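Work through the exercises below with the sequence and the model open. Each task is followed by a solution in steps.

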Amino acid sequence: MADPIRRLVQELARLPGIGEKTATRLAFHLVRGQRQHVHDLAQALVDVTDKIRLCSVCMTMTEADPCATCTDTRREPDMICVVATPSDLIAIDRGGHFRGRYHVLHGLLSPLEGIGPDDIRIAELVRRLGSEPVREVIIATSPSVDGEATAMYIARTLKPLGVRVSRIATGLPVGGELEYSDQATIARALAGRATM
C-alpha cells in the first residue's frame, strides 16, 4: 500500500467506530472518488476545526457564541436539560417536545477510565445556576452505569442550590416486545409507570 494511502487509513482509523477495514474501504473510496469531493471534505474538516467552539452558556458546539438555542427567546429559560454530548442534545431537540435550554457535559463520569467531575462540564453548570433563575434541571444521561453515576452526582451537587432536579424516564421502547426485554429494563418500566 502506498504511503499516502497508508497514512490516510491510519488517520481514518483513529475516528471512533472506524476500524482498520472500514478505514481502508473509506480511503480507497476517497482515492477513487472525484477530486472535488475530496477537496470539499478536506475544507469541511478545516472549517469545523477553525470555526467551531463551545458556547459559553450551554457548552454545546457552535459557530456563534452564545449559540442559537441559548439566544432563542421562545425557549423557557428556567428549565435546563443536561445531556452528555452535543449529539444527545440534537436527539432530544429533534422531537420538539422540550422547549427549555440545554447544558452539555461532554462526557460522563467513569472512574474506571479515570474520568472524574473535573473532566466534564459540571462546574460550568453549577456556575450557570448561580447566575440564571432556573426552576428545574432535567438530567438526560443514558441509563448506563456511567450515565446513572453522573446523574446521581449531579443531583447531589445541585441539591444544596435549591433547584428541582429530575431524571428522564427509562423503560420499554414504543413497539418493543416484553418477551425480548431484559429484567432491568422491565423493572425500570414498572418503577416509572404513569397513571392513566
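**Exercise 1: His103**

At 0% relative accessibility, His103 counts as buried, where buried means under 20% relative accessible area, exposed over 50% and partly exposed in between (1.4 Å probe, protein chains only). The model is a predicted one: local features need pLDDT of at least 70 and side-chain atom pairs count only at pLDDT 80 or more, while totals for chains, interfaces and linings use all residues. Residues are numbered from 1 along each chain as its sequence is written, and side-chain values use heavy atoms, with hydrogens and water left out.

Task: place His103 in the secondary structure and list its contacts beyond four places in sequence.

Step 1. His103 belongs to strand E4 (residues 101-104). Helices (H or I, at least four residues) and strands (E, at least two) are DSSP runs, numbered from the N terminus.

Step 2. Contact means heavy atoms within 4.5 Å. Outside its neighbours within four places in sequence, His103 is in contact with Val57, Cys58, Met59, Ile80, Cys81, Val82, Val83, Arg121, Glu124, Leu125 and Arg128.

Step 3. Thr85 is 18 residues from His103 in sequence, and the C-alpha to C-alpha distance is 9.2 Å.

**Exercise 2: nonpolar cores**

Task: find the largest nonpolar core and state which elements give two or more residues to this core.

Step 1. A nonpolar core is a set of buried Ala, Val, Leu, Ile, Met, Phe, Trp, Tyr and Cys residues joined through side-chain atoms within 4.5 Å. The largest one has 15 residues, and those with the most contacts inside it are Val82, Leu125, Leu129, Val137, Ile154 and Leu158.

Step 2. Two or more residues come from each of strand E3 (79-83), helix H6 (122-131), strand E5 (136-139) and helix H7 (145-158).

Step 3. Another core, of ten residues, lies apart from it; Met59, Leu89, Phe98 and Val104 are among them.

Step 4. Take Val82 as a sample: leaving aside neighbours within four places in sequence, Val82 has contacts with His103, Leu105, Leu125, Val137, Ile138, Ile139, Ala140, Thr141 and Ile154. As background, nonpolar side chains tend to be buried together in soluble globular proteins.

**Exercise 3: cysteines and rings**

Task: count the disulfides and the aromatic pairs in the whole structure.

Step 1. A disulfide is a pair of cysteine sulfur atoms within 2.5 Å. The search finds zero disulfides.

Step 2. Cys58 is in no disulfide, and the nearest cysteine sulfur, that of Cys67, is 3.6 Å away. Cys58 is buried, at a relative accessible area of 1%.

Step 3. For Cys70, the closest cysteine sulfur is in Cys67 at 3.6 Å, which is too far for a bond. Cys70 counts as buried at 10% relative accessibility.

Step 4. Rings of Phe, Tyr and Trp (its six-membered ring) pair if their centres lie within 6.5 Å; planes under 30 degrees apart count as stacked, over 60 as edge-to-face and the rest as tilted. One aromatic pair is found. The ring centres of Phe98 and Tyr102 are 5.2 Å apart and the planes are at 65 degrees, so this pair is edge-to-face. Phe98 and Tyr102 are both buried.

**Exercise 4: backbone exceptions**

Task: locate the cis peptide bond from Asp65 to Pro66 and the positive phi angles of Met59 and His106.

Step 1. Most residues other than glycine have a negative phi, and most peptide bonds are trans.

Step 2. The bond from Asp65 to Pro66 is cis, with omega near 0 degrees. Pro66 sits in the loop between E2 and helix H4 (68-71).

Step 3. Met59, not a glycine, has a positive phi of about 75 degrees. Met59 lies in the loop between E1 and E2 and is buried, with a relative accessible area of 7%.

Step 4. His106, also not a glycine, has a positive phi of about 60 degrees. His106 is in the loop between E4 and H6 and counts as partly exposed at 27% relative accessibility.

**Exercise 5: Thr60**

Task: describe the surroundings of Thr60.

Step 1. Thr60 is in the loop between strand E1 (53-54) and strand E2 (61-62), and counts as buried at 10% relative accessibility.

Step 2. Not counting residues up to four places away in sequence, Thr60 touches Arg53, Leu54, Cys55, Cys67, Pro86, Leu89, Val104 and His106.
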